Structures are given as structure tokens and as C-alpha cells.
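Here is a briefing on one protein chain. Read it with the sequence and the 3D view open.

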Amino acid sequence: MEDVLDVYQRPYDAAFPVVCMDESPKQLIGEVVPPLSATPGSVEKRDAEYVRNGTIEIFMEVEPLAGKRHVAVTERRTKIDWAQQIKEMLDVRYPDATKVVLVMDNLNTHTTGSLYEAFPPEEARRLAKRLEIHFTPKHGSWLNMAEIELSVLQGQCLNRRIPDIETIRSEVDAWQTARNNQSKNIDWQFTTADARTKLKRLYPKF
């Protein structure tokens, strides 16, 4: 925990940007009966019956100090999908960074080994050398600021039935553009000193 909190105290450095990554599934849900549109004095009405159209995965990257985020919508959440997101992050969004300081949870796909499964060894090593990885602790996903952004995305954009991946991609792209244009930074206040005081029950007793 303190490792991640110390990372969040670093000043902004374009050569070593701090980027938080998280991912979340989203179920595709279609209507069986078309909803009745709202009319004066009456809200929209939807039938309780629905149809499941499978699930998709949402990858969220957020650079808290720069107020930038990138959202990708994929059909799966595999090691290859994660590796592809990392390559795009490094080569497209941060091509000039010496290293990306990456904060994420300790999921089994979140390892440099996934890079070697997705790319030839030379390419995997090139990408791995440009990462400085910091994992949030078990049961400490709240320390990942990308989780905050996923919650905002869900509340502002995805909190309803959406039947297909194309619609989700279109709406997520619009949300991402609007939020980036607003430069919505995350002002993280919880520090290591706070943790030692407020979460002292989690520390060993000597």
C-alpha cells in the first residue's frame, strides 16, 4: 500500500508519467419488447424482460496529474488483450516517455510474461523495459485511481441496457473525449502518513 501511495506523491514528470490501469466487464443487454418513449407527463417505460448478448471488457487508463484518460473496449480479457493495450499505451500514447510508471491490481494477466505470450522476445523485452510496475495490495483496489474513473464512466455513460459493442464503443469514445477536453484531474489526498494513522489496524504490532 505504501509503495503505491508514495508513487502518488511524485511530482509530474513527462518522462516518467504515472498511469493507473484497471478493467471491468460489461454485460450487453438487449430489449425483447421495444421501450415506450417518454411523453408529456409520463416517463419512458421498459419491459422487465431482456436478452443477454454476451459480455465485453473495458480497459481504463488514467494519468491523474495530466487529467488524461484512455478507454478501450474489447471482446475479451486475456493476456493477449492486456499486452496489446500495453503496447498501444507505450508506443502511441507515451512514445516519448522514458518509462511509464504503471499502477494496477495484481491480476494474473498483468505480468510481463503476458508480453512474451503476445510478442516475439525482442519486442516483449523492449516493452517491459519501458514499464515501472506498482501493484495495489490484495483487497486494496480502491488505491487504483483508474477504478474511480471506471465508476464515473459507469454512472455517466453505461448505467442502462446497451445491446452491442459498437454502441458502447461510440458512447465511450464520446465520454472520453468530453472528459479529456475538460482536463479532469484527480486530486489524490490520501498519503502514507494518513495510512499509518487511519489504517494502523492493518499494520503489524511489535
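At 11% relative accessibility, Lys26 counts as buried, because buried means under 20%. Lys26 is part of strand S1. The model is a predicted one. The points below start from this lysine and move on to the sheet, the other charged residues, a loop histidine and the chain as a whole.

**Lys26 and its surroundings**

- Leaving out residues up to four places away in sequence, Lys26 touches Gly54, Thr55, Ile56, Ile58, Gln154, Leu158, Arg160 and Ile168.
- One of these contacts, Leu158, sits 132 residues from Lys26 along the chain.
- The C-alpha atoms of Lys26 and Leu158 are nevertheless separated by 8.6 Å.

**Strand pairing**

- Strand S1 covers residues 18-31, and strand S2 covers residues 50-63.
- S1 and S2 pair in the antiparallel sense, over 11 bridges.
- Gly30 has its bridge partner in S2, namely Val51.
- S2 also pairs with strand S3, residues 68-74.
- That pairing is antiparallel too and runs over 7 bridges.
- Val62 has its bridge partner in S3, namely Arg69.
- The hairpin of S2 and S3 has 4 residues between the strands.
- Gly67 in this hairpin takes a positive phi, near 70 degrees.
- S3 is mostly covered, with 6 of its 7 residues buried.

**Glu149 in helix H5**

- Glu149 belongs to helix H5, which spans residues 145-158.
- Is Glu149 buried or exposed? Its relative accessibility is 1%, so Glu149 counts as buried.
- Beyond residues up to four places away in sequence, Glu149 touches Met60, Val62, Arg69, Trp175, Arg179 and Ile186.
- Among these contacts are Val62 and Arg69, the two residues that are bridge partners between S2 and S3.

**Lys87 in helix H2**

- Lys87 lies in helix H2, residues 79-93.
- Lys87 is partly exposed, because its relative accessible area is 25% and the class runs between 20% and 50%.
- Setting aside residues up to four places away in sequence, Lys87 touches Val92, Phe119, Glu123, Arg126 and Leu127.
- Asn185 is 98 residues from Lys87 in sequence.
- In space, Lys87 and Asn185 are 24 Å apart, C-alpha to C-alpha.

**His139 in a loop**

- His139 is found in the loop between strand S5 (131-135) and H5.
- What is the sign of phi at His139? Phi is positive there, near 65 degrees, in a residue other than glycine.
- Most residues other than glycine have a negative phi.
- His139 is exposed, because its relative accessible area of 71% is over 50%.

**Cysteines**

- Cys20 counts as buried, with a relative accessibility of 0%.
- Cys157 also counts as buried, at 8% relative accessibility.
- How many disulfides does the chain have? The count comes to 0 when a disulfide is taken as a pair of cysteine sulfur atoms within 2.5 Å.

**The chain as a whole**

- The chain holds 7 helices and 5 strands.
- From the N terminus on, the order of elements is α-β-β-β-α-β-α-α-β-α-α-α.
- The C-alpha trace spans about 60 × 45 × 35 Å along its principal axes.
- Of the 206 residues, 39% count as buried.
- Among contacts with a separation of 6 or more, 74% join residues 24 or more positions apart.
- The chain exposes about 11600 Å², and carbon and sulfur atoms supply 52% of that area.
- There are 28 positive and 31 negative side chains.
- The centres of these two sets lie 4 Å apart.

Note on methods: Residues are numbered from 1 along each chain as its sequence is written. This is a predicted model: local features need pLDDT of at least 70, side-chain atom pairs count only at pLDDT 80 or more; totals for chains, interfaces and linings use all residues. Side-chain values use heavy atoms; hydrogens and water are left out. Two strands pair if DSSP finds at least two bridges between them. Buried means under 20% relative accessible area, exposed over 50%, partly exposed in between (1.4 Å probe, protein chains only). Contact means heavy atoms within 4.5 Å. Accessible areas come from the Shrake-Rupley method with a 1.4 Å probe; for residues, only the protein chains shown count as cover. Lys and Arg count as positive and Asp and Glu as negative; His and the chain ends are not counted. The place of a charge is taken as NZ of Lys, CZ of Arg, CG of Asp or CD of Glu.
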